[in-house]
Every structure is written in structure tokens, then in C-alpha cells.
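Q: Please take a close look at the largest pocket of this model. How big is the pocket, and which residues and elements line it?

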Amino acid sequence: MTPALVGGILTLVLLAKLAVAGGSYTLSDVIVGEDFYDAFNFEAIPDPTNGRVNYVDGATARRLGLTVATANSFILRADDTTVLSPTGPGRNSVRIRSNNEYTTHVAVFDMNHMPEGCGTWPAVWETLEADWPDSGEIDIVEGVNNMSPNQVHLHTGPNCSIPSNINQLGKVLTTDCDAAANYNSGCGSTLSYAPNSFGPAFNAAGGGWYALERTDDYISVWFWDRNNWLTPLDVWLGSPIVDTSRWGTPAAYFPNTDCDLATHFGPNNIIVDLTFCGDWAGNAAVYSSSGCPSTCVDYVNNNPQAFKNAYFQFASIRIYE
Ligand SMILES: *[C@@H]1O[C@H](CO)[C@@H](O)[C@H](O)[C@H]1NC(C)=O
């Protein structure tokens, strides 16, 4: 054999290995700064979770400074200057949905900051709104009223659950993913091992990375805070290829043992939103247990200055397929 032929065969063997590794993905989209305006559309819709919010359109968001793109960051925030009339619309804020839909993929969310404040309910998640819950929902970053840690959940159609004992860093809270069960609490875990995974503690750490891997066999979510020196190099560098098989035990892991993920999940959009109060943050028992003052809606109406830090700042979102 000629050296060129040997080299060719070696390359083929290497490519075949990469193809079957399952853990290797190639960068398909980098969303930084102004790219957010191309990659996402603004959803000026009534909040499906009944929040004390007024989602504005893209032109309004830019005019009011609720979204700001720079060369290396994208900020998405709520109004922090207006006292609201109790009978008028809710607090101006933003909800964006990706133009692309994703099935099998990896998404890495590099965030410097997430919204803080009593009454806030920020979320980074994936779903297909037109076919909810039958096309599934993955909540990657979600929480309310500054209460750390982060929670990761799935919501699906019937006949989907997770085992209560899984190899993951987080702690299972609920096992039935069926949105029609248990008042749509879904199945999922709390990142109790990582107090800096949400809210003010996340921000104090300088943020960090959340990563999702969705396959037909499992769904995994990882979290590394900004100073975690165990952060995989491919995540830290935003490499053109990532290998999830080297990322270690996930924060939350959803195997397909008691849920046929291939039929419970369809193409999903990425959604980033910031709402207030509503079904979860504004639930009276939840709100009062958070140590927040007054009632949720009164607090959100009357204290705009409390929402100075109610903003996401994304360094980037990278999609690998
Ligand atoms: C429920 O899901 C399992 C696989 O997880 C499948 O074998 C079974 O047929 C499903 N049952 C119904 C009623 O769809």
C-alpha cells in the first residue's frame, strides 16, 4: 500500500469512530450579540403561565432598551422604572423563540448573568408551542423568587416517567413527566449540589455554562459555574467539535428506560423568557416561602427599582448537531 492509501484508510477509520461515538457533535450555529436578533423572534403574546408580565415585540424591546446587543453579549431584561397600575398590563419584559427547531442536538448556553428579584421567573427551555406537550418540553434553566438551586424538568404527553434513582449529580424531585399529572409539575431534579446554579449566587460567581444533550436514548443537562476548573475544555473554548462523552456525570439525566423519548419529543424551539408571578412564582405558598415581601403582584407592580438586576446576559449560545 502507498503511504497515501494507508493515510486514507486511517482517516476513514477515525471518521467511522467519530461517527459511532455518539458523544461527538459538530458546531452548526454560534449566536453572539446581534446574532440573537436573527436567530430569535420576539413573542409579544399573553403569558401562557399567567404572569404579571407584558411581553413586548422586538421593535419595542430595542426602543425601551429591554434588549441590548454588543459585540460579545446580548442582554434581555424587564422594565425597571415603571410603577404599574393594578388594573393595567403587567411589567414589560421579553420572550424570544428560536427560528430554528432542533431534534438531536447539543446546546451550550454561556451566561454571565440571569434575572434576579422577588417575583421573577426566568427560564431557558425548549418546546414546540404548537404541539405542547406532545412534542415535549425541556426546562434547562428555571426557578422563581431568587430561590437557588436551579431545577431541570421535562414535561410530556402520557406514559413517560423517570426512575427515582439515576446516575446524576442532582436530586430527583418528581418522576412523572406527564403534563396532565400532578398539576403539570413534570419530572425532574434540583441541582441541590450546586447552590450557585441559579439566581443571585449564579451571578455572584460570574455565571457559567449550561449544556443540553438531547438524543433518542437520553436527555442530559450539565452545569459548570464560571470558576469551575472541571469545565470541559471544548465547552470553555466554544470548540467547533464537542464530545459529551468526556463531560462527566450530568447534573440531570433523563434515560429512556420508562419513557420512549423518540415518540415523546419532536422538533423543539429554544425559548428564553422572563415573566413575573403567575402559576409558579406567584403561587401564594411558593411566594411566601421564598421570604419575599408583600404579595407577588403588589410587589411587582410597585417596586420597579427591585428589577435592576432582572436581566439575562448571554455571552453566547452554541448549537451542535
Ligand atoms: C408506554 O411506554 C412504553 C415504553 O416506555 C411502551 O412499551 C408502552 O407500550 C406504552 N404504553 C402505552 C399505553 O402507550
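A: The answer below describes the largest pocket and what lines it. This is a predicted model, where local features need pLDDT of at least 70 and side-chain atom pairs count only at pLDDT 80 or more, while totals for chains, interfaces and linings use all residues. Residues are numbered from 1 along each chain as its sequence is written, and side-chain values use heavy atoms, with hydrogens and water left out.

Rolling a probe the size of a water molecule over the atoms shows where empty space is left. A pocket is an open set of points on a 1 Å grid over the protein atoms alone, where a 1.4 Å probe fits, with protein on both sides within 12 Å along at least five of seven lines. Its volume is the space filled by probe spheres set on the points, which are joined across faces, edges and corners.

The largest pocket has a volume of about 800 Å³. Its lining is made of 27 residues, each with an atom within 4 Å of a point. Thr49, Trp121, Glu142, His155 and Asn184 are the closest of them to the centre. Two or more lining residues come from each of β9 (120-127), β10 (137-142), β11 (151-155), β12 (171-174), β18 (269-276) and α7 (278-281). Here helices (H or I, at least four residues) and strands (E, at least two) are DSSP runs, numbered from the N terminus. The largest contribution is that of β9, with four residues.

By class, the lining holds nine nonpolar, 10 polar and eight charged residues. Asp, Glu, Lys and Arg count as charged; Ala, Val, Leu, Ile, Met, Phe, Trp, Tyr, Cys and Pro as nonpolar; the others, Gly among them, as polar.

The UniProt record, an unreviewed entry, places "domain: GH16" at residues 25-289; such annotations may be inferred rather than shown by experiment. That span is 14% helix and 35% strand, and its end C-alpha atoms lie 42 Å apart.
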